[in-house]
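Subject: Structure handover

Hello,

Here is the structure you are taking over. My notes on what was found in it follow below.

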Amino acid sequence: MAIRSRPAEGPQASRRSAMLVALPIALIVLITIVDLSAPSSVHLGPLLVIAPALTPSFAGPRLTAAVGALAIAAQVLIAVLHGGLTTSNHVAQIAALTVLSTLIVIFTVIRERRSRQLARVQSVAEEAQRALLRPLPERIGPLRIATMYLAAEHEAQIGGDLYTATRAGDGTRLIIGDVRGKGLAAVGESALLLSAFRLVATRHPTLPELAHVLDRSVGRYLLDFAETGEETVEHFITALLIDIPDGEPVTRLTNCGHPPPLVLSHGKTSFIDATRSAPPLGVHGLSADEYPDLTYRFDTDDTLLLYTDGVTEARDGHGAFYPLAERVTQWAKCEPAALVDHIRRDLLAHAGGHLGDDAALIAIRRAQA
C-alpha cells in the first residue's frame, strides 16, 4: 500500500518560511513609505490589506493576525502624519482595514480547523486500511511476494480492492478481488470477503468449494445490508483464488469474473487463459462443482502477477489504457519488490499521477528450494 508522508522540515524549509513571512511585512513597509512620500491627494493606505490577505496562503491565524495588526498600525501612522486621525477619510480606511483583517483571521481559523479535521480523517482511514489490508510478508513458504495498493480516493487512502494470503497445509492460498465501486462505500464488502477468506481458506480442500462458500457469504451480506443503498442490484465482487502448492511446479486458480493473471517466465510474459471464469461473487450463487478449477505450470523463478482492473484500465491523457503486459516484459527478470516498484512508478506516470479507480497488484515468485 502506498501512503504519502510529509517531508521533514529542514534548514531550507525554514529559510523559505522566513522569506515568505518577510514578504507581507516588506509590502507594509513599502506601501507606508510610498504613501508618506506621495502628495496628500494620493491615498495608498487601502492597499495595506494585501499583506494580511496574502499571509494565510503560507501561515496560520496567529501570524495572519500579527500581520493584520501591523497593517492597521501602518494605516494609523499614515493617518497621523497625513492630517490626523480625525480626518473622516482616514477613519474609514482604518475601520475598513480592521474589519477586513478580522474577517481574514476568522477565515484562517476556520481553514485551520478543517485542515486538522481532514488530517484526523486521513489518519483514521489509513489505520483502517492497514488493518483491512495487512501487508503480506515478503516470503511465504517457497514464495517471494511484493504488493502494491493505490487508492483512487486521495483524501481517504482507502478503497474497495482487496488481497490477502494464508498458509493452507503444504501450500499457500491467496485471494485478490475488486468490489464494485471505490472509496469508503466499498470498504464494508471488502472487509467481509477478507474476513470470510481468512476464516475458511484452510477448511476446504479445493478452490471451487472455497469459492462457493465465499459467494454465499457475500450474497448473505448483500441481501442483509446492500438494500440500504441505491445500487443494490449492481453490487458484486470480482475475485481470483490462487492455490500454490510447495512441492509441485504448478498453480491452481478459480476465477470469479476477475482479470486474468500474468505469468512472467524466461523473460516472456503471457496471460493465463481466462475463458473459463465464473460470475463475480454475489451475482449468481453457483454450486461448488460449477466453479472452474484450473491448473497451470508455475516453475522456479517464474513470477505470477495478480492485479485489479484499476491497473489495466488506468488511462493516459489521450484515453489509452495502461498496457501492463507490454510494460512488464522489460522487468520480467526483476525480483518481486523491484518489479512492483517499476510498475507503480510507470503506472502513475502513465495516468498523470492520479488513478480513476483503486489499483492493487501482487507479484509472486517461486524461489529456489
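I start with one salt bridge, that of arginine 344 with aspartate 341, whose closest N and O atoms are 3.3 Å apart. A salt bridge here is a side-chain nitrogen of Lys or Arg within 4 Å of a carboxyl oxygen of Asp or Glu. Both residues belong to helix α9 (residues 336-350) and sit three residues apart, about one turn of the helix. An α-helix has 3.6 residues a turn, so residues three or four places apart point the same way. Arginine 344 is partly exposed at 25% relative accessibility, and aspartate 341 is partly exposed at 30%. The cut-offs are under 20% relative accessible area for buried, over 50% for exposed, and partly exposed in between (1.4 Å probe, protein chains only).

Some background before the rest. This is a predicted model, in which local features need pLDDT of at least 70 and side-chain atom pairs count only at pLDDT 80 or more, while totals for chains, interfaces and linings use all residues. Residues are numbered from 1 along each chain as its sequence is written, and side-chain values use heavy atoms, with hydrogens and water left out.

Confidence
The average pLDDT of the chain (the predictor's confidence in each residue, from 0 to 100) is 84, and 84% of the residues score at least 70. Among the elements, strand β10 (residues 303-307) has the highest mean, 96, and helix α1 (residues 11-37) the lowest, 81. Over residues 1-9 the pLDDT is below 50, and this stretch has 15 contacts in the model beyond near neighbours in sequence. A contact means heavy atoms within 4.5 Å. Where pLDDT is low, the predicted coordinates should not be read in detail.

Overall make-up
The chain has nine helices and eleven strands. These are DSSP runs numbered from the N terminus, with helices (H or I) of at least four residues and strands (E) of at least two. Of the 369 residues, 42% are buried. Among contacts between residues at least 6 apart in sequence, 71% join residues at least 24 apart.

Other salt bridges
The count comes to ten salt bridges. One of them joins arginine 173 and aspartate 243, with the closest N and O atoms 3.3 Å apart. Arginine 173 is in strand β4 (residues 171-179) and aspartate 243 in strand β5 (residues 237-245), so this pair ties together parts that are 70 residues apart in sequence. Both arginine 173 and aspartate 243 are buried.

Glutamate 248 also forms a salt bridge, with arginine 252, and here the closest N and O atoms are 3.3 Å apart. Glutamate 248 is partly exposed at 37% relative accessibility, and arginine 252 is partly exposed at 24%. In addition, a network of salt bridges links Arg144, Glu335 and Arg365.

Helix α5
How far apart are the end C-alpha atoms of helix α5 (residues 187-200)? They are 20 Å apart, which agrees with the 20 Å that its 14 residues should span at 1.5 Å a residue. The expected span is 1.5 Å times one less than the number of residues. Buried residues in α5 include Val187, Leu193, Phe197 and Val200.

Regards
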